[in-house]
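Let's sit down together and read this one feature by feature. Have the model open beside you as we talk.

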Amino acid sequence: MAGEALFNDGVGIVVFVGCAGLAGIATGDGAPITPDISDLTLFFGRQVAGGLLLGAITGYLAYRALKSVDYHPLDLLITLALVMFVYGLSSSCGASGPIAVVVAGMIIGNPGRKWAMSENTRRYMEAFWSMVDEILDALLFLLLGLQTLTISWRGGALLAGLILVAVVLFARLVSMAAPMAVLPRLNPRPGSIAILTWGGLRGGIAVALVLSLSAFSGKPLLLGITYVVVVFSILVQGTTTPWLLAHYGWASSESIKSHV
């Protein structure tokens, strides 16, 4: 599930960059795309297909390398080199770096973890990357917190953000309810749509994408709106989702209290 969520983030980044390019706004990935549907199709194909192919090839090569050795310091260096090499190479060849890294990571974290690592290596690998994950998460939210000091709330950014919260939740509701209505075999449990809708949290990627846009007149307003949506998602949806799970019987009240 974590890999699937990361892959969705990678695809979302590609869609965002493409839409920004059509609007004539450059991002950190380079110049904007010419507003032409053929250029957009080529861009999506190169980014997504290139990221998938590059991630699969490099992930497999790293998998073979891990399988050939049983020395955890070297194994850790292989995974570090994989991340940096894949992202750098994808940027050079016009593929999506996030998608490539996620695909490579899924290969290393699933078949690689099961068949290419000893128990000792798995223990060190999980401890190391868990620590990196926690450090980067803390750094990300620290930077996001500092960025709030530069946001101007003029122009109705707060009100617009609250309106967009409702719009985002409605879009999430449609995206969850529509597949279940078309595919009745999914046979969702009671409360599935409500939980999947309310549990769709937004995080630092949304703010980072807005910050990556080049300067234009509407960027401060867009940044303020994005902050409102993300903060509401984390502070309101994130803190109440466990109680929603308990309400629909997906988790016991005791287990919820022990994790809150």
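Q: Before we look at single residues, what counts as a helix here?
A: Helices are DSSP runs of H or I with at least four residues, strands are runs of E with at least two, and both are numbered from the N terminus. With that in hand, Thr79 can be placed in helix α3. Please keep in mind that this is a predicted model, where local features need pLDDT of at least 70, side-chain atom pairs count only at pLDDT 80 or more, and totals for chains, interfaces and linings use all residues. Residues are numbered from 1 along each chain as its sequence is written, and side-chain values use heavy atoms, with hydrogens and water left out.

Q: How many helices and strands does the protein have, then?
A: There are 10 helices and 0 strands. Read from the N terminus, the order of elements is α-α-α-α-α-α-α-α-α-α.

Q: How do I decide whether a residue such as Thr79 is buried or exposed?
A: Use relative accessible area: under 20% is buried, over 50% is exposed, and in between is partly exposed (1.4 Å probe, protein chains only). Thr79 has a relative accessible area of 6%, so Thr79 is buried. Over the protein's 260 residues, 30% count as buried.

Q: And which residues does Thr79 touch?
A: A contact means heavy atoms within 4.5 Å. Setting aside residues up to four places away in sequence, Thr79 touches Leu66, Ile108, Met125 and Trp129. For the protein as a whole, take the contacts with a separation of 6 or more: residues 24 or more positions apart account for 70% of them.

Q: How should I read the packing of α3 against α4?
A: Start with the axes, which are lines fitted to C-alpha atoms, for helices over the stretch in contact; angles run from 0 to 180 degrees between N-to-C directions. Helix α3 (residues 72–93) packs on helix α4 (residues 97–115) at about 150 degrees, their axes being 8 Å apart. This makes α3 roughly antiparallel to α4. The angle classes are: under 35 degrees roughly parallel, over 145 roughly antiparallel, 65 to 115 roughly perpendicular, and the rest oblique.

Q: Which residues make that contact, and how do they divide by class?
A: From α3 come Thr79, Leu82, Val83, Val86, Tyr87 and Ser90, and from α4 come Gly97, Pro98, Ala100, Val101, Ala104 and Ile108. In this contact of α3 with α4, 9 residues are nonpolar, 3 are polar and none is charged. Here Ala, Val, Leu, Ile, Met, Phe, Trp, Tyr, Cys and Pro count as nonpolar, Asp, Glu, Lys and Arg as charged, and the others, Gly among them, as polar.

Q: What about the angle between α3 and α5?
A: α3 and α5 pack at about 45 degrees, with axes 9 Å apart. The two helices α3 and α5 are therefore oblique to each other. On the α3 side, His72, Asp75, Leu76, Thr79, Leu80 and Val83 meet Asn120, Thr121, Tyr124, Met125, Phe128 and Trp129 of α5. By class, this contact of α3 with α5 has 7 nonpolar, 4 polar and 1 charged residues.

Q: Can we check a helix by its length?
A: Yes: the expected span is 1.5 Å times one less than the number of residues. Helix α6 (residues 157–182) has 26 residues and should span 38 Å at 1.5 Å a residue, and its end C-alpha atoms are 37 Å apart, which agrees.

Q: Which residues of α6 are buried, and what do they pack against?
A: Ala157, Gly161, Val165, Leu169, Met176 and Met180 are buried in α6. The buried residues of α6 pack against α7 (192–198) and α9 (219–247).

Q: Where is Ala194, and what is it in contact with?
A: Ala194 is in helix α7. With a relative accessible area of 29%, Ala194 is partly exposed. Apart from neighbours within four places in sequence, Ala194 is in contact with Leu244 and Tyr248.

Q: And Thr241, buried or exposed?
A: Thr241, in helix α9, is buried, with a relative accessible area of 15%. The C-alpha atoms of Thr241 and Trp198 are 6.8 Å apart in space, with their positions 43 residues apart in sequence. Leaving aside neighbours within four places in sequence, Thr241 is in contact with Trp198 and Gly199.
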